[in-house]
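Hello,

Here is the structure I promised to pass on. Please open it alongside this email; my notes follow below.

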Amino acid sequence: MSWPLCAAIGAGVCWAMTGIFVRRMSAVALPMLVWQRFALSFLAMLALTRFRRDPVVPAVDGRPADEAGWPARGRQGWADAGLASCMTAYYIFATTGFALGPVALTSLIIALTPAITMGWQLASSRQVAGRDVLGFAVAIVGVCCYLVPLLSGHQQFPRHAIIIAAVAAGLAALVRALFTIVLWNRALRGVPLHAPRVNRLTFLIGAVLLLPVVLIPGAGGGAAWHHLGWLVALVVVATLVPNLLNTWASSRLHPTLNAIVGMLTPPLTGVLGWLWLGESLAGLQWFGMVLTLVGIGVSVLRPAPAQTVRDR
């Protein structure tokens with residue numbers, strides 16, 4: 001198993017904790033919760049990278065960064081801001097979904113990201129690895145088995161909250177797929193990546209965009225000192241660590257394989273919701289988790305060659 005693959009799996013495991021931490025802070029107004037997540041993540045990322053030079057991922061052909069076809073400085077800044085904006089949107093949509101609906105439902109819909117990357121792959125090259133298609137098909141059957149009991153009406157969430165959470169999760173899947181596709185294409189073109197800069201911009205954009213919202217009277221209520229521990233866990237375990245792992249892995253794994261690995265998150269989220277939040281799991285959902293893991297194994301254990309020259 002390659003290091004990029006391990007990083008992608010690690011990101012999925014960390015992201016599985018998001019719903020737990022968000023729900024433990026349910027008394028905090030959603031705009032304030034999301035803004036705190038961005039603001040503290042930015043400060044932490046700034047502290048981690050302030051006294052070190054940003055590492056540059058070299059071009060595919062191994063040339064130094066200044067000879068590898070760097071865009072003009074302004075264009076590079078806009079390109080990094082575009083990448084960061086995708087992840088900013090992902091965190092806003094995903095946090096909203098986890099806060100309003102069942103944590104497993106949001107995680108399951110985000111797990112549909114491979115459908116988007118496969119569509120892009122078909123449109124761009126008209127080729128998709130057969131084992132990726134098989135793995136995704138098995139995993140999606142598992143996702144459906146997991147989803148049916150959630151939508152049967154035998155749960156504690158109102159239907160309008162489920163609908164909002166589902167829409168937010170779908171948008172999160174879309175922008176996450178866009179992020180991996182763009183980053184992969186940049187790697188193929190040999191455009192070096194300043195990963196820490198992209199990560200800092202991700203959190204800075206979110207903090208700036210939401211600052212006017214949290215200043216509205218009533219929008220920032222509910223924050224208390226006893227939420228601090230959960231907030232720190234949300235920032236470190238479910239934001240900083242998976243963001244670093246995902247950014248690094250996305251430039252080294254094919255977007256479809258990376259997205260399929262991400263389908264590891266829903267079963268983990270479901271189990272954690274069952275253990276910590278008391279969200280029930282039916283027998284069909286346990287069966288769906290097993291199928292999802294089998295589908296991931298089909299794609300991961302025999303992956304199509306997707307490494308760049310620098311990874312060999």
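What percentage of the 312 residues of the protein chain count as buried? The figure is 52%. Please keep in mind that this is a predicted model.

**Overall fold**

The protein chain has 13 helices and zero strands. Read from the N terminus, every element in the run is α. Among contacts with a separation of 6 or more, 89% are between residues 24 or more positions apart. The accessible surface is about 13,900 Å². Carbon and sulfur atoms account for 70% of that surface.

**Confidence**

Mean pLDDT for the protein chain is 78. Of its residues, 82% reach 70 or more. Two stretches need care. Residues 54–72 stay under 50 in pLDDT. The model still has 36 contacts beyond four places in sequence for residues 54–72. Residues 303–312 also stay under 50. For residues 303–312, the model has 22 contacts beyond four places in sequence. Where pLDDT is low, predicted coordinates should not be read in detail.

**Ser 107**

Ser 107 sits in helix H5, which covers residues 103–110. Is Ser 107 buried or exposed? Its relative accessibility is 3%, so Ser 107 counts as buried. The side chain of Ser 107 makes a polar contact with the side chain of Thr 269, at 3.3 Å. Leaving aside neighbours within four places in sequence, Ser 107 is in contact with Phe 98, Thr 265, Pro 266 and Thr 269. Thr 269 thus appears both in that contact list and as the polar partner of Ser 107.

**Val 214**

Val 214 belongs to helix H9, residues 195–214. Val 214 counts as buried because its relative accessibility is 10%, and the cut-off is under 20%. Which residue lies 185 residues from Val 214 along the chain, with its C-alpha atom 9.0 Å away? That residue is Ala 29.

**A nonpolar patch**

One surface feature is worth a look. Leu 228, Val 232, Val 236, Val 237 and Val 241 make a nonpolar surface patch of about 330 Å². Val 237, one of these residues, is in helix H10, which runs over residues 228–250. With a relative accessible area of 32%, Val 237 is partly exposed. That puts Val 237, at 32%, in contrast to Ser 107, which is buried at 3%.

Suggested viewing order: Ser 107 with Thr 269, then Val 214 with Ala 29, then the patch that includes Val 237.

Best wishes

Definitions and conventions: Residues numbered from 1 in each chain as written. Predicted model: local features only at pLDDT ≥ 70, side-chain atom pairs only at ≥ 80, totals over all residues. Heavy atoms only, no water. Helix = DSSP H or I, 4+ residues; strand = E, 2+ residues; numbered from the N terminus. Buried < 20%, exposed > 50% of the residue type's maximum accessible area, 1.4 Å probe, protein only. Contact = heavy atoms within 4.5 Å. Areas by Shrake-Rupley, 256 points an atom, 1.4 Å probe, with all protein chains shown as cover. pLDDT = per-residue confidence, 0-100. Patch = residues over 30% accessible without salt bridge, like charges linked within 9 Å, V, L, I, M, F, W, Y side chains within 5 Å. Salt bridge = Lys/Arg side-chain N within 4 Å of Asp/Glu carboxyl O. Polar contact = N/O pair within 3.5 Å; in protein donor to acceptor, adjacent residues only side chain to side chain.
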